[in-house]
Amino acid sequence: VEFPKADGTMHPVITQPRPVSKELPIWVTTAGNPETWKEAGEIGANVLTHLLGQSIDEVAGKIKIYHTALRKAGHDPDNFTVTLMLHTYLADSREQAEKVAREPMKDYLRSAAGLIKQFAWVFPAFKRPTGVDNAFDMDLGTLGDDELEAILDFAFDRYFQDSGLFGTIDDALARTEQLKRIGVDEIACLIDYGIAPELVMEGLKPLAEVLKLANAPATLAGDDFSLAAQIIRHKVTHMQCTPSMARIIAMNDEARMALGRVQHLMLGGEALPGDLVQDLQSCTDAAIFNMYGPTETTIWSTTGPGVATQGTVSIGTPIANTLVYILDANDQPVPIGVAGELCIGGEGVTRGYWQRPELTGERFAPDPFVTKTGLSAPRLYRTGDLARWQTNGQIAYLGRSDHQVKIRGQRIELGEIETVLAGFGGVNGAVVVVREMAPGDLRLVAYVGAPAHLPETALRAHLAANLPKAMVPAHIVTLKALPLTPNKKIDRAALPEPTTKRPTSNGPVAAVPGQGTEADIAAIWASILGVTGIRASDNFFELGGHSLLAVQAHRAIREGLNLPKLSITDIFRFPTLGALAAHLDQGGTGPGPNPPEIAAPKRADTMSRRRAMRAGRRATNG
């Protein structure tokens with residue numbers, strides 16, 4: 001680099017010694033801000049971080065953000081390094097390591113005021129000063145010596161247990177493996193933070209052993225036949241399984257690590273949730289394919305890329321020598337976007353079921369759309385699956401046609417409800433069934449798999465925003481995992497009966513009525529709905545009621561309370577227990593939300609306009 005001198009001539013300057021690398025590798029240091037991780041990926045930099053203000057699980061999430069940003073910027077994450085700085089001290093025993101590191105580490109923390117503030121209010125014995133809302137606005141001078149020591153001891157214990165490379169060789173190896181699994185490539189050991197120099201030097205010996213063992217080639221036990229071991233042992237590049245099995249695999253740390261070696265992952269046999277694809281992409285760079293096809297078409301018929309998306313992944317397009325049709329009830333092709341039965345033709349279609357001619361005739365038929373083919377007898381297989389063509393030429397799978405049910409005159413696609421449920425954050429899987437809660441009382445029951453608690457109110461709001469009211473399940477049962485068959489498909493027969501309960505309230509909780517009209521109606525509702533603890537603010541329809549049950553409630557209240565003139569419309573006009581009881585206590589003449597004297601003229605006017613419109617259409621058509 002040349003610089004101008006006073007006389008205007010240039011003076012060349014070079015650095016010595018010359019750099020070894022042609023390009024200097026750049027690290028971005030981050031204390032944990034996800035935006036910094038993202039930016040590091042976008043500019044193609046390595047990352048240096050630590051565990052002073054973030055947990056290992058939090059770092060794992062940020063590494064996913066970093067790798068995603070690298071890929072979007074056209075970089076291969078394998079070419080970049082995540083370096084994690086850890087305070088380190090190893091000894092022959094865990095107790096010895098803790099004894100040596102405690103006071104130097106506390107002194108280190110004491111010198112870093114921000115770190116003390118960060119943990120001050122986590123310590124239960126330290127009370128927040130009056131008027132201080134932000135820990136970083138706090139004057140550390142307000143801390144007593146005993147409070148400061150207690151906080152420092154608390155912080156050290158946290159670091160020693162969860163955030164450092166402390167203890168024995170085995171402890172360090174366990175920490176190293178833990179960090180490998182979340183995507184940490186390199187550990188930077190901070191060894192000189194106040195420990196006596198001779199102890200620091202002695203501690204390098206066990207650290208060297210950890211370095212050797214952590215980077216030694218993996219050796220598998222001869223009797224280890226786990227999935228992870230099989231992938232590693234046989235250098236597996238292609239793997240096929242159901243989405244349910246893939247989710248189980250993704251929940252195991254060893255299996256997730258082994259999936260990183262797989263190059264092609266094929267998932268089929270069930271609808272593929274988009275969130276599962278996203279989870280798999282975080283642990284493997286394998287090309288993920290969604291495979292679809294029944295056994296009767298031997299066996300895959302369509303395939304498409306596994307895309308991390310909301311809801312269910314498209315099943316793609318037909319494979320070679322396969323024909324796919326989506327037909328209506330008259331066996332005619334439906335337009336793009338319209339649901340119909342998925343039918344498959346081509347060379348993969350079998351001849352039928354062995355010695356079952358009636359079932360063969362029901363499911364297999366001549367292909368009316370093929371006129372010239374090498375097949376001696378072109379055949380179609382009726383899958384019983386519902387699907388629709390998308391504008392991009394892909395096929396959207398909607399569910400089984402035999403999951404189309406009719407409840408109180410409404411045709412309902414269970415597969416569509418499952419798709420909407422799968423699009424809710426935190427849901428790992430969903431299945432919807434119809435259960436007869438009482439003779440003639442058919443209700444939709446949704447089962448969702450979720451490892452963490454899901455707020456039912458938010459889930460219902462999500463369903464209501466995406467589905468007609470009749471398709472919102474009466475009951476939602478949350479399970480940590482949906483039951484599976486030995487073939488790793490959802491076992492509908494093993495789904496538990498829903499336990500009816502009243503929804504929780506965010507507002508003040510009214511007492512359960514003890515006597516009077518409210519108590520009498522509550523007893524009737526409880527008998528019909530199977531719900532206990534009904535309160536004045538509870539809504540009949542939000543407790544699982546519907547039009548048929550409303551008729552039952554009307555009859556029971558009219559007979560039980562001796563109210564022969566009670567109108568069925570009152571059950572709909574006053575859906576809450578308190579409002580209905582108050583209306584009846586007033587002699588059944590209260591105004592209600594839609595007083596008859598106002599509502600009736602409106603309804604008459606609406607019906608008159610509809611009759612006029614129909615008459616006009618008939619005249620035009622005539």
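Colleague: Which side chain does aspartate 331 meet in a salt bridge?
Modeller: A salt bridge puts a side-chain nitrogen of Lys or Arg within 4 Å of a carboxyl oxygen of Asp or Glu. Here the N to O distance is 2.9 Å, and the partner of aspartate 331 is arginine 382.

Colleague: How many residues apart in sequence are the parts that this pair ties together?
Modeller: Helices (H or I, at least four residues) and strands (E, at least two) are DSSP runs, numbered from the N terminus. Aspartate 331 sits in the loop between β13 (322-327) and β14 (340-346), while arginine 382 belongs to strand β16 (residues 379-389), so the parts tied together are apart in sequence by 51 residues.

Colleague: Before we go on, what kind of model are we looking at?
Modeller: Residues are numbered from 1 along each chain as its sequence is written, and side-chain values use heavy atoms, with hydrogens and water left out. Local features need pLDDT of at least 70, side-chain atom pairs count only at pLDDT 80 or more, and totals for chains, interfaces and linings use all residues; the model is predicted.

Colleague: Is lysine 106 buried or exposed?
Modeller: Let's start with its surroundings: lysine 106 and glutamate 103 both lie in helix α3 (residues 94-111), three residues apart, about one turn of the helix. Their side chains meet in a salt bridge (3.6 Å, N to O). Buried means under 20% relative accessible area, exposed over 50%, and partly exposed in between (1.4 Å probe, protein chains only). Glutamate 103 is partly exposed at 41%, whereas lysine 106, at 3%, is buried.

Colleague: What links Lys106 with Glu98, Arg102, Glu103, Asp153 and Asp157?
Modeller: Side chains of opposite charge can pair when their charged atoms come close. The structure holds 18 salt bridges. These six residues are linked in a network of salt bridges.

Colleague: Which helix holds the arginine that pairs with aspartate 285?
Modeller: The side chains of aspartate 285 and arginine 71 meet in a salt bridge (2.5 Å, N to O). Aspartate 285 lies in the loop between α11 and β10, so the pair ties together parts that are 214 residues apart in sequence, with arginine 71 in helix α2.

Colleague: Which element gives the largest share of the largest nonpolar core?
Modeller: A nonpolar core is a set of buried Ala, Val, Leu, Ile, Met, Phe, Trp, Tyr and Cys residues joined through side-chain atoms within 4.5 Å. This one has 24 residues, and among those touching the most other members are Trp37, Ile63 and Ile182. The elements giving two or more residues include α1 (34-43), α2 (56-72) and α7 (197-214). The largest share, six residues, comes from α2.

Colleague: Where do the buried residues of α11 fall on that helix?
Modeller: In α11 (residues 274-281), Gly274, Leu276, Val277 and Leu280 are buried. Taking the directions from the helix axis to the C-beta atoms, these residues fall within an arc of 155°, so they line one face of the helix.

Colleague: Which elements do those buried residues pack against?
Modeller: Contact means heavy atoms within 4.5 Å. By that rule, the buried residues of α11 pack against α9 (243-250), α10 (253-259), β9 (264-268) and β10 (287-292).

Colleague: What percentage of the chain's residues are buried?
Modeller: The chain folds into 19 helices and 22 strands. Of its 622 residues, the buried ones make up 40%.
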